[in-house]
Amino acid sequence: MAWDEFAATVSHGGNTLDAIALRDHACEILRTIAADLRRPQSPEQQDAKGKGLGPRASLPTAAEVHADFRMVAGFAVDAMITEYRALRASVLKLWARHGGGTRAEDLTDLTRFNEAIDQAIAESIGRYTNQTGTSAELFIGILGHDIRNPLGTILMSVAGLVRSGKLSETAAAPINNAATRIKAIIEQVVDFTRAQADGVMPVVRKPGDLAQQLAKVVEETQVRHPERMVRMEASGDFQGSWDEGRMGQLLSNLLGNALLHGSLWTEVTVQMWSTPSHVCVSVHNYGEPIPDEERELIFQPLQRGARYRTREGPQEAAGGLGLGLYICREIVLSHGGELTIESTRADGTTFTVSLPRQDAA
């Protein structure tokens, strides 16, 4: 079959397809398209189909079943779309080889064929996306219950041993630090997975004073890093509607980034100011500037950049996942705000967050 020859030449992320796999659902998909071409179609139905909104059956379509099989086999969605491109090209090539057609009804059939292929692609992508979302929720559930809960038990047990005198605080400190870091990594993975699955970081906004909320984070950060200086300045009106937990996570990540990459000998500063419609927060540190080519890279998930190789102190977070700044941007975007960065050797590095006081809705 011409489809086999075309699709077999396309890379599928390292996976290979034999002839049977390549055409496993082609027959059913083509039968569905042929049946569709034989049915009368109104202009409204044609328009809906062109947008991937054609009529749906109660049972999974051949395109949806195809998506299920491809997902189980480990194929990426772009590889699946490539197969449809191969199917379309194969049919059109055979159509042209047999003379094609120039009559009005021939061109109508050609248009309807392309619309039917688009409908099949929409069905496959929709199915693949839904199944991916289900897998993501399962993954989040496993992390949330089967890993975070035992980790909490470890932390509680260590605290109990310290209180009973069976374990010294000095001996407990490495255990607490390691468990806390594991917990932070788990939280980042959960947030990343949910943002990727839902397309947006979930937030629950409540009225409050953002300065009071963030002052707690600055104080906690200073306690965790007594050898460093973290200073906060705030002037203005900071009332608005925010997700306090997410805002704390945002500032904690920005402060952690500043402490890790900033100079060991200068302070990290948090400044807050306001306008009638927005509240702004900045985190500043001196140290090695961020190269221009990495300004966007550092906000991408699972990216770390050259800064981790030029840190003037110990690379204590070398085992991180590179999700902190990505999560920061997602939190800001979910609040309808903006996160920007300025970084020079003379003036240091400043991350600035601008947030509307409440949801525009």
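# Sheet, helices and cores in a predicted model

User: What makes β2 and β4 a pair in this predicted model?

Analyst: β2 and β4 are joined in the parallel sense over six bridges. Two strands pair if there are at least two bridges between them. Six bridges meet that cut-off, so β2 and β4 pair. One bridge partner of this pair can be named: Met232 is matched with Val270 in β4.

User: In what order do the strands of the sheet run?

Analyst: The order is β2-β4-β5-β7-β6. The sheet is open, has five strands and shows mixed pairing.

User: Why are β2 and β6 said to stand at the edges?

Analyst: β2 (230-235) and β6 each have a single partner strand, so one side of each is without a neighbour in the sheet. From one strand to the next, the twist averages 15 degrees.

User: Which strands does α9 touch, and which does α10 touch?

Analyst: α9 packs on the sheet and touches β2, β4, β5 and β7. Its direction makes about 170 degrees with that of β2. α10 also packs on the sheet, touching β2, β4, β5 and β7. The direction of α10 makes about 20 degrees with that of β5.

User: Why is Gln213 called buried?

Analyst: Gln213 has a relative accessible area of 11%. Buried means under 20%, so Gln213 qualifies. Gln213 sits in helix α9 (residues 210-224). Beyond residues up to four places away in sequence, Gln213 touches Gly208, Trp242 and Glu244.

User: How do you know that α12 is mostly covered?

Analyst: Nine of its eleven residues are buried. Among them are Leu325, Tyr326, Ile327 and Glu330. Just after α12, Gly336 takes a positive phi of about 75 degrees.

User: Which residues have the most contacts inside the largest nonpolar core?

Analyst: They are Leu210, Leu255 and Phe351, in a core of 39 residues. Elements that each supply at least two residues of this core include α8 (169-198), α9, β4 (268-274) and β7 (348-356). α10 gives the most, with seven residues.

User: What does Phe351 contact, leaving aside its neighbours within four places in sequence?

Analyst: The contacts of Phe351 include Leu254, Val281, Ile298, Leu325 and Ile341. Another core, of 14 residues, lies apart from the largest one. Ile29, Ala63, Met80 and Ile117 are among its residues.

Definitions and conventions
Residues numbered from 1 in each chain as written. Predicted model: local features only at pLDDT ≥ 70, side-chain atom pairs only at ≥ 80, totals over all residues. Heavy atoms only, no water. Helix = DSSP H or I, 4+ residues; strand = E, 2+ residues; numbered from the N terminus. Buried < 20%, exposed > 50% of the residue type's maximum accessible area, 1.4 Å probe, protein only. Contact = heavy atoms within 4.5 Å. Core = buried A, V, L, I, M, F, W, Y, C linked by side-chain atoms within 4.5 Å. Axes fitted to C-alpha atoms, helices over the stretch in contact; angles between N-to-C directions.
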